Amino acid sequence: FWLKPFWLWPRLGASRVGAPRLRGRRGAPKFLGMAATAAEEPPLKKAKTEEAGDAAVQPVVKAEKKEKKDKDKDKKDKKDKKDKKEKKDKTEKEAKAAGAPEANGAKPPEAVKVKKEKKDKKDKKDKKDKKDDAGENDLEKELESSHVKKEVEMLWTGVGDDEFGFQMQHFGPHMARTVGNAKDEKGRVNFKPDQWQRELLDIVDDNRSALVVAPTASGKTFIGYYVMDKVLRADNDGVAVYVAPSKALVNQVSAEIYARFSSKTYPPHSQANLLGVFLKEFNTANGIGGDEDPGKWRTCQVLVTEPYILEMLLLSPSSQDWVKRLRYVIFDEVHCIGGGDGMIWEHTMQMIPCPFIALSATVAQPQGFHQWLHRVSELKGQSSVEMIVHTERWNDLYKYIYVDGHLRPLHPFCCLLEHSVRLHGFPGDLTFTPQESARLWLETSRVVGNDAVWDALSPMKHFGGKCGFLSKLDCRDYERSLKKTFLELVKSGKINSERFSAVQLRLQAPPESTGFARRPA
């Protein structure tokens, strides 16, 4: 070894097995009075060495972290146990302080705790219900606060001499509708029904039949969907039939039914379906565009059809099993019984073996029609037929006529015949809007002149003792008084044929800028 050249000594010393590595001056051999130079390690070998050192340190760090985590967990568990124990001791002390020791047959602390939790849940629920009721009450109070409840001094508003006449002329669509709506105590619908609607709900709940006569958009169609909901909730076998006079109405009702009740599910083994449509052209299940297998309508719980089809099914021997499943029939637009297909409507009403709801807005003589329906039901041994008549519209109808390329307002008084009014009075189904009533009084007063009886119907005099805004009910009472007084003037001769025609001509002309119109500044 000592015979090798000296420039090989560091390399040999660093590579020999068991030889010490030369790291600087420490541990390096000395000879000839000179210190051996430290051998530098290659960069790659140095990096590997550092990685090996880091790898050796990582398990130690992980072990330390795990040990610390375990200590924290044990500490937390001890604290939780301590808190539970303190809570338990506190509950027992409260139970003892209440004078209900376990030895005297009282409930143990666990039972007290469960009972307390149930009570807390109930209190939260009651608090939520009270909050909802409070919200409704606040809304009602806010609406009530907008009405004037005490007499105030009438101030000049610039609307003319007749404050109430101006309201009738211009505020008709904005008047409050007092129709007696209130929350249903049984929670059968998700809106506040009117009194006549609540009576209708009671009739359906009692499985009775009814004739419903109410204006368009007054809220009578909802009862048809309530009947369907009742049949669908009862079981998976009962059938409700909706009879419509036209294919367009069938399509509209089918879409509405599917949107309302498509969430109902049937058992996997059941072949029942929700909605069927049966027309002369086709019959389907699951609504328009559904399964077009002939005869699959038999499996549907709600069938939308026409009178002709229902008559055919009631008379068909092969459909008697389906007829026995009928629970309710809804006849919409039943006034069509007076048309060309009236015989078919009569046959279906005579043959159905279940209660029915007949809906219409324009039955000419509802009393006579109701008597006929009641007699038919009595002969079949079924329940009596009730009649619900509602004449008030939620939104008024404003009449117009198209003349010479222009759409002009039409007062309904202009459509009356003087001879007919003199003999029979005003038609029972003729109603005036607040604007039409005010205009009739104004134009008649201009034709008749000074008349104490007619002048007493001036809106300012008629509503003289009222403060604030008029309601729809106030205008309806005014309309009845106006018609009654007008007929008295006609019978007394104060309004003859010439004056009657003069009033009609004035009502056809555009309103003048006097009377109830706004005064110029």
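The following questions and answers concern charged and polar residues in a predicted model.

Residues are numbered from 1 along each chain as its sequence is written, and side-chain values use heavy atoms, with hydrogens and water left out. In this predicted model, local features need pLDDT of at least 70 and side-chain atom pairs count only at pLDDT 80 or more, while totals for chains, interfaces and linings use all residues.

User: How many salt bridges does the structure hold?
Analyst: A salt bridge is a side-chain nitrogen of Lys or Arg within 4 Å of a carboxyl oxygen of Asp or Glu. One of them joins Arg422 and Glu418, with 2.4 Å from N to O. The number of salt bridges in the structure is 21.

User: Is Glu443, which forms a salt bridge with Arg506, buried or exposed?
Analyst: The closest N and O atoms of Glu443 and Arg506 are 2.8 Å apart. This pair links distant parts of the chain, with Glu443 in helix H13 and Arg506 in helix H17 (residues 497-508), 63 residues apart; helices (H or I, at least four residues) are DSSP runs numbered from the N terminus. Buried means under 20% relative accessible area, exposed over 50%, and partly exposed in between (1.4 Å probe, protein chains only). Because its relative accessibility is 2%, Glu443 counts as buried.

User: Which helix holds both Glu479 and Lys483?
Analyst: The side chains of Glu479 and Lys483 meet in a salt bridge at 2.9 Å, N to O. Both residues also belong to a network of salt bridges that includes Glu392, Asp396, Lys472 and Arg476. Glu479 and Lys483 are four residues apart, about one turn of the helix, and the helix that holds them is H16 (residues 472-492).

User: Why does Lys483 count as buried?
Analyst: Its salt-bridge partner Glu479 is buried, with a relative accessible area of 2%. Lys483 is likewise buried, because its relative accessible area is 15%.

User: What is the distance in space between His419 and Ser497, C-alpha to C-alpha?
Analyst: His419 is placed in helix H12 (residues 418-424). At 55% relative accessibility, His419 counts as exposed. His419 and Ser497 are 78 residues apart in sequence, and their C-alpha atoms are separated in space by 8.4 Å.

User: Which residue has its backbone oxygen 2.6 Å from a polar atom of the side chain of Ser445?
Analyst: Ser445 is found in helix H13 (residues 434-448). Ser445 is buried, with a relative accessible area of 14%. The backbone oxygen at 2.6 Å from a polar atom of its side chain belongs to Leu442.

Terms used:
Helix = DSSP H or I, 4+ residues; strand = E, 2+ residues; numbered from the N terminus. Polar contact = N/O pair within 3.5 Å; in protein donor to acceptor, adjacent residues only side chain to side chain.
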